[in-house]
Amino acid sequence: LYDADLGEKATKVTNNVTVYVQNVPDEGVDQIVLVNDAAANVDCSTKTFVLPWEEYPSLDLSGGASISDGTREVTLCLRDYAGNIGKASDAILLDRVAPTATAQLSSTGVTCYTNDGAVRITVRNFTAGDIVGILAQQQEGETPIACTDWPSEYFSPFVANTTESDGQGGTKPVSNESFVYLWGEGAKNVAVCLLDEAGNVAQLDQSIVLDQTRPSGTLAINSGAAFANDPTVAITGTLDEDIVYALAADNFACEGVTYSGSYVATISNNAFGLIADNGTRFAVACLKDKAGNVGYIHDDIVLDTIAPEVGITIDGGVPYTKKTTVDLAFALWDNNEVQLAVVNAAAADVNCSTATYAAFPYETYAKAAYALDTTGGDGSKPITACFKDSAGNITQVASSIILDRAVTTGTLALTGPGGSGYTSSREVRAAITNVS
């Protein structure tokens with residue numbers, strides 16, 4: 001006995017109530033009859049031979065009635081042309097119950113996400129020996145092919161190639177040798193088809209997201225500033241998808257980083273430490289998405305922790321002036337652009353952090369016609385200059401000059417020989433007294 005859909009098998013099993021008989025002898029056989037019963041219960045001499053001989057006769061195991069699954073025995077009665085009768089019998093297992101199991105698609109990241117188009121299928125919770133074939137397909141279109149529509153020859157052999165704990169001190173079989181091949185990124189529905197010995201098919205529907213695109217986004221140091229005077233900076237970022245991330249300084253390879261534990265769409269760190277060497281410094285955000293794809297985004301900033309070096313000279317360095325407007329000259333050594341604030345006050349009275357700054361050209365600069373503060377009259381006039389570079393570093397320099405606008409007075413007396421007011425010589429004595 002055999003199932004025509006499955007062919008002859010060592011284990012006779014079927015899910016079809018109609019079975020076929022093979023190896024019926026043809027020589028000398030006139031008629032046959034098939035009986036739904038064991039040979040011990042069948043008296044072929046009492047049977048009505050109505051079937052002419054044929055090579056592969058068929059039989060309805062149910063006999064037209066409802067029957068349950070289980071082992072069914074069939075007896076074949078044969079009669080030759082001389083009226084001699086013989087019989088043979090066989091049994092077949094009727095099994096119309098699809099196999100049961102659970103399937104899981106392997107992920108390269110979190111569950112149900114992968115960046116690999118070849119997805120491993122792990123099958124668990126099945127009865128050993130029950131499943132003989134497996135087929136998996138990505139479901140596409142409005143009417144995908146159901147597992148029951150696939151002929152048995154399309155199934156690959158099912159192998160329970162490993163075991164795992166059954167939670168009760170024993171083991172249970174597991175199969176993880178099969179793959180399904182996905183195409184096109186996005187959410188995918190996968191049908192895992194399992195075939196048993198009788199030809200019954202179970203369909204286990206699974207879903208997974210195929211994502212092979214590296215994560216990306218934008219990153220900013222100190223809101224996109226060009227300069228910083230402190231290696232501790234604020235990092236912000238926006239991402240194209242939910243990711244885990246790790247911040248690194250100048251580490252574009254993202255080697256040895258530890259990713260955050262939760263998936264987020266933004267990055268925020270108000271106390272990230274750059275490498276503390278002056279110059280162009282990089283902050284790198286290493287990104288990993290749910291499928292395990294890795295990428296990075298970065299921003300750079302010029303770290304400058306050195307205040308400008310400045311020299312100040314008033315009116316070429318003279319200690320006195322009678323002018324209320326003087327010339328200021330500065331010698332500046334700084335690689336960054338700076339701003340200048342000049343105040344008519346002593347250094348101790350000037351807060352450079354709150355001063356009002358204006359642009360200041362690079363290299364040596366003379367600021368002509370700077371008006372001194374004449375409040376209080378003549379005397380020492382302090383001038384304080386504040387320099388602030390692009391990174392926010394501040395240098396304060398100060399100097400002073402004495403303003404003296406009073407006319408000098410005195411008495412001049414010229415005398416000749418003997419103190420007279422007359423002389424016959426071109427040389428006379430000059431006496432200057434009462435100088436103010």
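Reader: What makes up the accessible surface of the chain, and how much of it do carbon and sulfur atoms supply?

Author: In this predicted model, the chain exposes about 23,700 Å², and carbon and sulfur atoms supply 47% of that area. Of the 436 residues, 33% count as buried.

Reader: How do you know whether the chain is a compact globule or not, given its radius of gyration?

Author: A compact globule of 436 residues would have a radius of gyration near 22 Å, whereas the chain has 51 Å. The C-alpha atoms fill a box of roughly 195 × 45 × 30 Å along the principal axes. As for secondary structure, the chain has 32 strands and zero helices, and 64% of the contacts with a separation of 6 or more are accounted for by residues 24 or more positions apart.

Reader: Why is Gln137 called buried or exposed?

Author: Gln137 has a relative accessibility of 11%, and buried means under 20%, so Gln137 counts as buried. This residue is found in strand 11, residues 131-139, and its side chain reaches the backbone oxygen of Ile145 at 2.7 Å. Leaving aside neighbours within four places in sequence, the residues in contact with Gln137 include Ile145, Trp150, Val180 and Cys193.

Reader: What makes Arg72, in strand 6, count as buried, partly exposed or exposed?

Author: The relative accessibility of Arg72 is 25%, and the class called partly exposed lies between the 20% and 50% limits, so Arg72 counts as partly exposed. Beyond its neighbours within four places in sequence, Arg72 is in contact with residues including Leu61, Ile67 and Asp90. Arg72 and Leu93 are 21 residues apart in sequence, yet their C-alpha atoms are 6.0 Å apart in space.

Reader: Why are the phi values of Asn222 and Cys254 singled out?

Author: Most residues other than glycine have a negative phi. Asn222, although not a glycine, has a positive phi of about 50°, and Cys254, also not a glycine, has a positive phi of about 55°. Asn222 lies in the loop between strand 17 and strand 18, whereas Cys254 is found in the loop between strand 19 and strand 20.

Reader: How do you know which class of accessibility applies to Asn222 and which to Cys254?

Author: With a relative accessibility of 26%, Asn222 is over the 20% limit and under the 50% one, and therefore counts as partly exposed. Cys254, at 13%, is under the 20% limit, and therefore counts as buried.

Definitions and conventions. Residues are numbered from 1 along each chain as its sequence is written. This is a predicted model: local features need pLDDT of at least 70, side-chain atom pairs count only at pLDDT 80 or more; totals for chains, interfaces and linings use all residues. Side-chain values use heavy atoms; hydrogens and water are left out. Helices (H or I, at least four residues) and strands (E, at least two) are DSSP runs, numbered from the N terminus. The radius of gyration is taken over C-alpha atoms; the globule rule is 2.2 Å times the number of residues to the power 0.38. Buried means under 20% relative accessible area, exposed over 50%, partly exposed in between (1.4 Å probe, protein chains only). Contact means heavy atoms within 4.5 Å. Accessible areas come from the Shrake-Rupley method with a 1.4 Å probe; for residues, only the protein chains shown count as cover. A polar contact is a pair of N or O atoms within 3.5 Å; within protein, one must be able to donate a hydrogen and the other to accept it, and residues adjacent in sequence count only if both atoms are side-chain atoms.
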